[in-house]
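Reader: I've just opened this one and I'm not sure where to begin. Could you walk me through it, one question at a time?

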Amino acid sequence: MTKPPRKPSQPLLGDADAALRSRPRRRRDPSQPQLPFNPMPARVEPCLALLKRRPPKGDDWIYEIKWDGYRLAVHIELSGVRILTRGGHDWTDLFPAIAAEAKRLSVSTAILDGEAVVFDEQGRSDFGKLQQSLGGRGGKRASREAVLMAFDLLYFDGHDLTGTEFTARRLLLEGLVPAGGEEAIRLSEEIEADGDVLLRIACEHGLEGIIAKDRNSTYRGGRLGDWLKIKCIQSDGFAIVGYQRSSTAFGNIGALLLAARKGAELVYVGSVGTGFKADEAMKLRARMDKIKATNPAVKYSGGRKNLIWIKPKLVAEIEYRAWTHDGKLRHASYKGLREPEDMGEVCAVD
């Protein structure tokens, strides 16, 4: 297995700023009562982070780096290891190094929650490099470069931990995956710092952002606010509902027409015409042409010409700077397509 450099795996922990340091290891309380055994669930609905513009205040919140990769659940069972994506797809064969390392952990049964990442030369998680290591979007070959940054423990030696507060789950995780490791499964360390200071430093390091977690929360599936994500640059998923045809643009895509969720409906939130690469644009155009629609999925009065409407089955990751007063994206840039299971994660607006 190819191991990235020691320094890049923790880009902030070695910073000279004394306000940033790893949370100290804690010992398990030997007087803790024994818990009854619980059957291992086949799948746990993942807890998702709610997007916020600023870090929360108060001592109830702890912070971690936001990793840019694929969300995975690693099931360690007596019969072997299973690695599931956020949508429940079995990707065990695509992450052989992570699966092999999971078998070496000192535990009989467990479910690790984490993010598979590949690091760049500066130690930042790079989603593009992760996709390249997998042979493209959706995974076409096994990645031996990917590392699992483990940040939660949902099941441990016969015990369901989802109803246990985060600090207790974290304590057990730290005992299972020690800090500072260089293997294919590593601990996503807590960082003790003021949220605003940490966000500023994360942005200065070129990272995507930070995660804040309610230390007293249980593990609940969905985007309920127990975990928050604060990004250096705003980005989110938007449904593609059409495109403007252009004879001069890559893939003949002059702009993508985007929609967000408003209640049970999709509403038009503007377009994006930058960020496309030639080969990606051609592949995107081919996919869109397979799902053309006669009528638009949204109400549209933008006045653009040469529009091709499609069924809202594709979700684009869009980076943007702000919203206009009438609910349109400002300075939007296309970053790529999300996975099919992310259709339920389309940005919601009021």
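**A walk through helices, strands and charges**

Author: Let's start in helix 1 (residues 96–104), where E101 and R104 sit 3 residues apart, so about one helical turn separates them. Keep in mind as we go that this is a predicted model.

Reader: Okay, so how far apart are the closest N and O atoms of E101 and R104?

Author: In general, side chains of opposite charge can pair when their charged atoms come close. Here E101 is buried, at 9% relative accessible area, while R104 is exposed at 56%. The two form a salt bridge, and their closest N and O atoms are apart by 2.7 Å.

Reader: Which residue of helix 4 does R200 meet in a salt bridge?

Author: An α-helix has 3.6 residues a turn, so residues three or four places apart point the same way. R200 is partly exposed, with a relative accessible area of 43%, and its partner counts as exposed at 56%. That partner is 4 residues away in helix 4, so about one helical turn separates the two. The side chains meet at 3.1 Å, N to O, and the partner is E204.

Reader: What about E121, which residue does it form a salt bridge with?

Author: E121 counts as exposed, at 60% relative accessibility. Its partner is partly exposed, with a relative accessible area of 29%. The closest N and O atoms are 3.9 Å apart, which still fits the 4 Å cut-off for a salt bridge. The partner is K129.

Reader: How many salt bridges are there by this rule?

Author: Some of the charged residues are linked in a network of salt bridges: K66, E208, K231, D236, E317 and R338. For salt bridges in the model, the count comes to 21.

Reader: Let's switch to strands. Which strands stand at the edges of the open sheet?

Author: The sheet has 4 strands with mixed pairing, in the order 1-10-9-2. An edge strand here has a single partner strand, so one side of it is left without a neighbour in the sheet. From one strand to the next, the twist averages 30°. The edges are strand 1 (50–52) and strand 2 (61–65).

Reader: In strand 9, what is the bridge partner of I62?

Author: Strand 2 and strand 9 (residues 209–214) pair in the antiparallel sense, over 5 bridges. For I62, the bridge partner in strand 9 is K213.

Reader: What angle does helix 3 make with strand 2?

Author: Helix 3 (residues 166–176) packs on the sheet. It touches strand 2, strand 9 and strand 10 (227–231). Its direction makes an angle with that of strand 2 of about 40°.

Reader: And helix 4, at what angle does it run to strand 9?

Author: Helix 4 covers residues 195–204 and lies across strand 2, strand 9 and strand 10. Its buried residues pack against those strands. The angle to strand 9 is about 150°.

Reader: How wide an arc do the buried residues of helix 4 cover around the axis?

Author: The buried residues of helix 4 are G195, L198, L199, I201 and A202. They are on the same side of helix 4, because the arc they cover around the axis is only 165°.

Reader: What happens at the ends of helix 4, and which residue just after it takes a positive phi?

Author: At the start of helix 4, a side-chain oxygen of D194 comes within 3.0 Å of the backbone nitrogen of D196. Just after helix 4, a positive phi of about 80° is taken by G206.

Reader: Is D226 buried or exposed?

Author: D226 lies in the loop between strand 9 and strand 10. Its side chain makes a polar contact with that of R220, at 2.9 Å. Beyond its neighbours within four places in sequence, D226 has contacts including W61, A212 and K213. At 10% relative accessibility, under the 20% cut-off, D226 counts as buried.

Reader: Last one: in the hairpin of strand 12 and strand 13, which residue takes a positive phi?

Author: Strand 12 (residues 253–262) and strand 13 run antiparallel, joined by 7 bridges, and L256 has V272 as its bridge partner in strand 13. Strand 13 (residues 265–272) is mostly covered, with 6 of its 8 residues buried. The hairpin has 2 residues between the strands, and the positive phi, near 70°, belongs to G263.

Technical notes:
Residues numbered from 1 in each chain as written. Heavy atoms only, no water. Pairing = 2+ DSSP bridges. Axes fitted to C-alpha atoms, helices over the stretch in contact; angles between N-to-C directions. Contact = heavy atoms within 4.5 Å. Buried < 20%, exposed > 50% of the residue type's maximum accessible area, 1.4 Å probe, protein only. Arc of directions from axis to C-beta. Polar contact = N/O pair within 3.5 Å; in protein donor to acceptor, adjacent residues only side chain to side chain.
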